[in-house]
Amino acid sequence: MTTSATSGPAHLFSDAGAVLAESIVWDPDQHVLRWTDITLGTLNTADASGSPLSAVPLPPPLASFQPRAQGGFVAALGDTVVVTDADGGDPRTIAHVEHAHAGIRFNEGKCDPFGRFLVGSMNLTTGEPDGALYSVEPDGTTRLLRGGFGTTNGFEWSPVGDLMYVTDTSTSTIYRGTYGPDGELGELEPFVVGAPHDGLVRDDEGCFWSASYGEGHIERYDASGAHLETVDVPAPNVTSVAFGGDDMSTLFVATARENLTEEQLEEHPHSGGVFAVPTRVHGVPAFAFGG
């Protein structure tokens, strides 16, 4: 099903030139946008106009990060979770995971509505589904929620937190399962199938926006999983999506230069940049770790 457009065209917000931009977060207090370059290990900040403000180095791969209620950030590196100071520096390890083998690293990370940091892993080498999804408490207590993922990606929750949505890019599927204040994840069932889904975000109409890695667009789905809209992005490798801006109606979109040929880079010279899509809907600020 396709409805009338919810959004306008995507335009370049920041020509970041990232190898692999991910984990977009809008800061409504400081009116800035942040994202990681996983490969370079930088935590990047731009002002509301897209002008770069800082690029704080952390040990790569800097897979993902989220705001921390006490200030600073929680971040996932290769196999550790750290907390930082207000500027993103001085990382202190609070959790460590032994991956199944050396070809696995952390990937998507997002805080749930109850203040936990959920982080998934991905298999970079064999393609086997031996990635996993973990839950990290503010005191560092870590538990395995589910195994069997190839590339854990795209997390979201229902408005009251009773459902969790989690993506496995390797199976082209967004799953959903019951969830709640105890942080337990129920059995997963397919929600949307059939595209290389990456990042995921929910809007205030209860619909979901999913990045399609390698396909250069964003797809919007309603709460039943029915397709509503496609937004083209002038870069093939679309990764992370998040709402922001003064009224939280701008959909920010991260992209990557990795895995592109010279010909593709010539055709899409702003790959690795961050794009902005005006919409008529709104998002909510990111949940904070320990919030």
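Here is a short chat about the cavity, pockets and one strand of a predicted model.

Trainee: How many disulfides does the structure hold?

Mentor: Zero. Keep in mind that this is a predicted model.

Trainee: And Cys111, is that buried or exposed?

Mentor: Cys111 is buried, because its relative accessible area is 1% and the cut-off for buried is under 20%. Cys207 counts as buried too, at 7% relative accessibility.

Trainee: OK, switching to empty space. How many cavities of 30 Å³ or more are there?

Mentor: There's one. The largest cavity has a volume of about 340 Å³.

Trainee: Which residues lie nearest its centre?

Mentor: Lys110, Glu156, Val201, Ala242 and Ala286, out of 25 residues that line the largest cavity. The elements giving two or more residues to that lining are strand 2 (21-27), strand 10 (104-111), strand 14 (152-157), strand 18 (197-202) and strand 22 (238-244).

Trainee: What's the split between nonpolar, polar and charged in the lining of the largest cavity?

Mentor: You get 15 nonpolar residues, six polar and four charged.

Trainee: Let's stay with strand 10. How many of its residues are buried?

Mentor: Eight of the eight, so strand 10 is largely enclosed by the rest of the structure.

Trainee: Which way do strand 10 and strand 11 run, parallel or antiparallel?

Mentor: They run antiparallel, with six bridges joining strand 10 to strand 11 (residues 117-123). In that pairing, Arg105 stands opposite Met122 in strand 11.

Trainee: What about the hairpin, how many residues sit between the strands?

Mentor: Five residues, and Gly115 takes a positive phi near 95 degrees in the hairpin of strand 10 and strand 11.

Trainee: Now the pockets. What volume does the largest pocket have?

Mentor: About 220 Å³. It is lined by 16 residues, and the closest to its centre are Asp27, Arg34, Pro67, Gly72 and Phe73.

Trainee: Which strand gives the largest share of that lining?

Mentor: Strand 2, with three residues. Strand 2 and strand 6 (64-67) each supply at least two residues of the lining of the largest pocket. By class, that lining has nine nonpolar, three polar and four charged residues.

Trainee: And how much space lies in the second largest pocket?

Mentor: About 170 Å³. Of the 14 residues that line the second largest pocket, Met122, Asn153, Asp198, Tyr213 and Glu258 lie nearest its centre. That Met122 is the residue that Arg105 stands opposite.

Trainee: How many nonpolar, polar and charged residues are in the lining of the second largest pocket?

Mentor: Four nonpolar, six polar and four charged.

Terms used: Residues numbered from 1 in each chain as written. Predicted model: local features only at pLDDT ≥ 70, side-chain atom pairs only at ≥ 80, totals over all residues. Heavy atoms only, no water. Disulfide = S-S within 2.5 Å. Buried < 20%, exposed > 50% of the residue type's maximum accessible area, 1.4 Å probe, protein only. 1 Å grid on protein atoms, 1.4 Å probe; cavity = no way out; pocket = protein on both sides within 12 Å on 5 of 7 lines; lining within 4 Å. Points joined across faces, edges and corners; volume = space filled by probe spheres on them. Helix = DSSP H or I, 4+ residues; strand = E, 2+ residues; numbered from the N terminus. Nonpolar A, V, L, I, M, F, W, Y, C, P; charged D, E, K, R; others polar. Pairing = 2+ DSSP bridges.
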